[in-house]
Amino acid sequence: MAMPASASPASFVADLWPDAQARGVKRTVFEASLNGFQPSPRIVDQTRKQPEFAESVGAYVGKRVTDRQVATGRKMRGEWAQTLAAVSSHYGVQPELILAIWGMETNFGSYMGGNNTIHALATLTYEGYRKDFFRNELLTALQIASDGHISPKEMVGSWAGAMGHTQFMPSSFVSYAVDWNRDGRTDIWNSIPDALASTANYLKSHGWTAGETWGYEVQLPRGFDYGRAWGLGKMPISAWQAMGITRVAGRAFPRQQDEARLYMPAGGNGPVFLLLRNFDVIKRYNNSDSYALAVGHLADRVLGSGSFVAGWPADDKGLTRPQRLELQQLLSRRGFDVGTPDGVIGPRTRQAIMSYQARNGMLADGHASGTLLTKLR
């Protein structure tokens with residue numbers, strides 16, 4: 001719920017002060033942070049953007065893991081080798097993985113968002129956008145400034161309040177940010193060692209397993225049982241091997257007992273992966289399979305690996321929830337049982353997709369895509 005129409009930005013700021021004061025925020029910092037506050041129309045517009053199509057996983061990864069990005073990552077690995085080695089030894093997170101998150105979040109610090117974090121969070125709170133969440137983040141940001149880690153003016157980040165080189169929300173900063181250079185301030189904006197160590201600490205705190213990777217690109221056998229595979233969760237790699245799955249390029253799996261889940265972001269017509277528990281730790285940073293895959297792939301490329309062996313379908317598009325709903329409705333009209341259309345691709349919809357694909361001479365892999373929706377239309 002947004003602020004009442006009669007509530008001015010000045011009234012909003014005045015009403016915020018008692019809670020800020022209760023958290024120990026200095027009055028001088030509060031006033032310096034919010035003096036002259038006006039909600040930003042540009043940030044409000046960001047909350048309303050709806051994509052025509054969701055970005056496919058292949059497009060997402062392709063835009064973010066480029067030869068140029070890999071070259072920059074390798075350059076930064078050399079430039080910050082000593083810091084990365086010390087941070088990696090302390091937290092047990094591989095240097096290339098820390099670098100990959102840095103690259104994904106701010107292009108290695110070249111763009112940290114350009115928004116004043118406190119004003120961005122105040123705008124979101126004032127407009128009632130996820131109000132309780134962003135109000136807490138706003139008050140936490142004020143605490144960070146009041147504690148002297150960064151001046152309000154220098155506290156910059158994304159439109160949604162993610163801050164610094166590796167884009168911590170204020171609450172994550174309080175819980176996980178590290179003063180690695182021991183200068184008395186935790187500064188993820190201006191101190192690259194602080195930012196890299198903070199990211200490693202975050203990953204370790206969420207369960208990163210030292211010495212293990214995020215997952216493997218794999219190859220499916222001819223006649224693979226997609227219907228069964230979609231319903232399986234985590235299993236030992238040895239169980240996936242029993243279904244005929246092998247690692248690409250004839251490589252061996254280091255540990256067959258590792259638990260993994262199958263990930264087919266483009267169905268059977270693109271790269272396929274077995275994902276390990278570290279993949280889910282990366283998702284604690286950003287709860288998106290696309291994001292975690294891009295981070296893992298960028299890390300591997302920085303380390304020296306090549307591109308994925310399988311190519312991505314050139315014309316595939318992801319689907320928004322309304323488009324997934326439309327896909328279900330179109331399948332239902334053709335007599336395929338999807339249950340009650342709800343925009344969620346569950347087992348019945350997968351089976352319906354496979355039946356439709358088999359009937360129309362397509363690979364019956366159950367993958368819901370923009371290409372499939374176009375054909376149904």
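1. Helices here are DSSP runs of H or I with at least four residues, and strands are runs of E with at least two, both numbered from the N terminus. With that in mind, Arg182 can be placed in the loop between helix H10 (170-176) and helix H11 (192-205). The model is a predicted one, and the remarks below should be read as comments on computed geometry. The phi angle of Arg182 is near 55°, a positive value in a residue other than glycine. Because its relative accessibility is 75%, and exposed means over 50%, Arg182 counts as exposed.

2. Ala249 is another residue whose backbone deserves a look in the viewer, since its phi is near 60°, again a positive value in a residue other than glycine. Ala249 belongs to the loop between strand S5 (246-247) and strand S6 (259-263), and with a relative accessible area of 61% it is exposed.

3. How many of the 10 residues of helix H8 (residues 117-126) are buried? The count is 9 of the 10, so H8 is largely enclosed by the rest of the structure. The buried residues are Thr117, Ile118, Ala120, Leu121, Ala122, Thr123, Leu124, Thr125 and Tyr126. At the N-terminal end of H8, Asn116 acts as a cap, with a side-chain oxygen 3.2 Å from the backbone nitrogen of Ile118. Beyond the other end, Gly128 comes just after H8 and takes a positive phi of about 80°.

4. His119 also lies in helix H8, and with a relative accessible area of 22% it is partly exposed, because buried would require a value under 20%. Leaving aside neighbours within four places in sequence, His119 is in contact with Ser33, Leu34, Asn35 and Phe37. With Ser33 there is a polar contact as well, in which the side chain of His119 reaches the backbone oxygen of Ser33 at 2.8 Å. As a reference distance across the model, the C-alpha atoms of His119 and Phe279, which are 160 residues apart along the chain, are separated by 33 Å.

5. Ser33 and Leu34 reappear in the packing of helix H2 against helix H9, where Val29, Phe30, Ser33 and Leu34 in H2 meet Leu142, Ala145 and Ser146 in H9. By class, this contact has 5 nonpolar, 2 polar and no charged residues. The axes of H2 (residues 27-34) and H9 (residues 131-146) come within 9 Å and cross at roughly 120°, and the two helices are therefore oblique to each other. The crossing of H2 over H9 is right-handed.

6. Is Thr140, which has a relative accessible area of 6%, buried or exposed? It is buried, and its place is in helix H9. The side chain of Thr140 reaches the backbone oxygen of Asn136 at 2.8 Å. As general background, residues three or four places apart in an α-helix point the same way, because the helix has 3.6 residues a turn. Not counting residues up to four places away in sequence, Thr140 touches Arg23, Pro170, Ser171 and Val174.

7. Val302, in helix H15 (residues 289-303), counts as buried at 1% relative accessibility. When residues up to four places away in sequence are set aside, Val302 touches Val70, Gly73, Arg74, Arg77, Glu96 and Leu99. For Leu99, the C-alpha atom is separated from that of Val302 by 8.4 Å, although the two residues are 203 residues apart along the chain.

8. Helix H16 (residues 321-333) and helix H17 (residues 347-359) pack at an angle of about 60°, with their axes 11 Å apart. They are therefore oblique to each other, and H16 passes H17 in a left-handed crossing. On the H16 side the contact is made by Leu327, Gln328 and Leu331, and on the H17 side by Thr349, Ala352, Ile353 and Tyr356. These residues divide into 5 nonpolar, 2 polar and no charged.

9. A final point concerns Gly339, which sits in the loop between H16 and H17 and is partly exposed, with a relative accessible area of 26%. Gly339 and Ala210 are 129 residues apart in sequence, and their C-alpha atoms are 43 Å apart in space.

Conventions:
Residues are numbered from 1 along each chain as its sequence is written. This is a predicted model: local features need pLDDT of at least 70, side-chain atom pairs count only at pLDDT 80 or more; totals for chains, interfaces and linings use all residues. Side-chain values use heavy atoms; hydrogens and water are left out. Buried means under 20% relative accessible area, exposed over 50%, partly exposed in between (1.4 Å probe, protein chains only). A polar contact is a pair of N or O atoms within 3.5 Å; within protein, one must be able to donate a hydrogen and the other to accept it, and residues adjacent in sequence count only if both atoms are side-chain atoms. Axes are lines fitted to C-alpha atoms, for helices over the stretch in contact, and angles run from 0 to 180 degrees between N-to-C directions. Angles under 35 degrees count as roughly parallel, over 145 as roughly antiparallel, 65 to 115 as roughly perpendicular and the rest as oblique. A crossing is left-handed if the near helix is turned anticlockwise from the far one by less than a right angle, and right-handed if clockwise. Contact means heavy atoms within 4.5 Å. Ala, Val, Leu, Ile, Met, Phe, Trp, Tyr, Cys and Pro count as nonpolar, Asp, Glu, Lys and Arg as charged, and the others, Gly among them, as polar.
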